[in-house]
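Trainee: Please take one part of this model and go through it closely, then connect it to other parts. I would like each term explained when it comes up.

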Amino acid sequence: MIRVAITGNIASGKSEVQNILEKSDFKVMDTDKTAHMLLNELVAVREVFKGFDVFEPDGKISREKLGRLVFDRSDLKKRLEEIIHPAVKEKIFEFFEANKSEKFVFVSIPLLFECGMRDLFEKALLIYTEDSIREKRLIARNHYSLVYAHKRMSSQMPQNEKKELCDYVIYNNGTLEELQNAVNTFLLQLS
């Protein structure tokens with residue numbers, strides 16, 4: 001089994017690449033979705049944030065409220081990551097075990113380098129999108145202000161640094177059809 005990490009900064013198009021791979025019957029794990037699920041499962045997260053306005057009326061943690069809080073408070077961001085990252089790593093191992101008969105498995109992991117998980121994978125693919133395009137997507141998709149979009153974008157390792165650390169790069173600055181073609185080319189290279 002060849003384990004491939006799909007990484008890329010916020011609003012680069014990792015989800016689209018994931019969709020393309022899944023439509024081609026590849027097994028793909030989305031660590032963002034896993035982390036979101038764990039937010040409400042892990043008692044430690046609730047303990048750390050019990051005194052903050054991050055809960056919905058139904059008692060679930062609001063990702064939007066939590067995000068805004070931790071991007072203003074690096075101490076809380078660090079505490080959250082210390083809880084979430086090991087739990088996500090555990091889920092990645094479970095995914096590998098459940099799919100060990102597959103030739104290739106893919107894990108979408110935006111913070112591959114930031115959380116020190118590169119060594120879990122044989123190959124790493126970067127989805128690279130120009131900053132100006134990512135900024136427009138964040139503002140349109142997430143309704144972020146320009147200032148908050150920049151704050152979110154600058155919280156991650158720069159794309160050019162990630163590019164040096166990855167085995168493959170897909171440039172996602174065009175149409176969905178161009179992205180599909182780029183993924184097909186990548187799959188040929190991978191095989």
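Mentor: What follows starts with one helix, then turns to other helices and a few single residues.

The model is predicted, so local features need pLDDT of at least 70 and side-chain atom pairs count only at pLDDT 80 or more, while totals for chains, interfaces and linings use all residues. Residues are numbered from 1 along each chain as its sequence is written, and side-chain values use heavy atoms, with hydrogens and water left out.

The part to look at is α9. Helices (H or I, at least four residues) and strands (E, at least two) are DSSP runs, numbered from the N terminus. Helix α9 covers residues 176-190, and at 1.5 Å a residue its 15 residues should span 21 Å. The expected span is 1.5 Å times one less than the number of residues. The end C-alpha atoms of α9 are 21 Å apart, which agrees with that expectation.

Next comes the question of what α9 hides. Buried means under 20% relative accessible area, exposed means over 50%, and partly exposed is in between, for a 1.4 Å probe and protein chains only. The buried residues of α9 are L179, V183, F186, L187 and L190. Looking down the axis of α9, these buried residues fall within an arc of 100°, so they line one face of the helix. The arc is that of the directions from the helix axis to the C-beta atoms. On the face of α9 turned away from the buried side are the exposed residues E177, L188 and Q189.

The buried residues of α9 are covered by several elements, including the strands β1 (2-7), β3 (104-108), β4 (123-128) and β5 (168-171), and the helix α1 (14-23). Contact here means heavy atoms within 4.5 Å.

The segment after α9 contains S191. S191 counts as exposed, at 65% relative accessibility. S191 and F104 are 87 residues apart in sequence, and their C-alpha atoms are 9.3 Å apart in space.

Helix α7 (residues 146-154) can be read in a similar manner. Its buried residues are Y148, A149, R152 and M153. Seen down the axis of α7, they fall within an arc of 135°, so they line one face of the helix. V147 and S154 are the exposed residues on the face of α7 turned away from its buried side. Among the elements covering the buried residues of α7 are α4 (63-70) and α6 (131-142).

That leads to helix pairs. Two packed helices are described by the angle between their axes and the distance between the axes. Axes are lines fitted to C-alpha atoms, for helices over the stretch in contact, and angles run from 0 to 180 degrees between N-to-C directions.

α6 and α7 pack at an angle of about 125°, with their axes 10 Å apart. The two helices are therefore oblique to each other. Angles under 35 degrees count as roughly parallel, over 145 as roughly antiparallel, 65 to 115 as roughly perpendicular, and the rest as oblique. The crossing of α6 and α7 is right-handed. A crossing is right-handed if the near helix is turned clockwise from the far one by less than a right angle, and left-handed if anticlockwise. D131, R134, E135, L138 and I139 of α6 make the contact with L146, A149, H150 and M153 of α7. A149 and M153 are also among the buried residues of α7.

α4 packs with α5 at an angle of about 125°, with their axes 7 Å apart. That makes α4 oblique to α5. The contact is made by L66, L69 and V70 of α4 and by S74, L76, K77 and L80 of α5.

Helix α5 (residues 74-98) also packs with helix α2 (residues 31-41), at an angle of about 120° and with the axes 10 Å apart. That makes α2 oblique to α5. The crossing of α2 and α5 is right-handed. From α2, the residues T31, T34, A35, M37, L38 and L39 meet L80, I84, A87, V88, K91 and I92 in α5. T34 of this contact is buried, with a relative accessible area of 12%. Not counting residues up to four places away in sequence, T34 touches M29 and K91.

Two loop residues remain. A11, in the loop between β1 and α1, has a phi near 65°, a positive value in a residue other than glycine. D25, in the loop between α1 and β2 (27-30), has a positive phi of about 70° although it is not a glycine. A11 is buried, with a relative accessible area of 5%, whereas D25 is exposed, with a relative accessible area of 64%.
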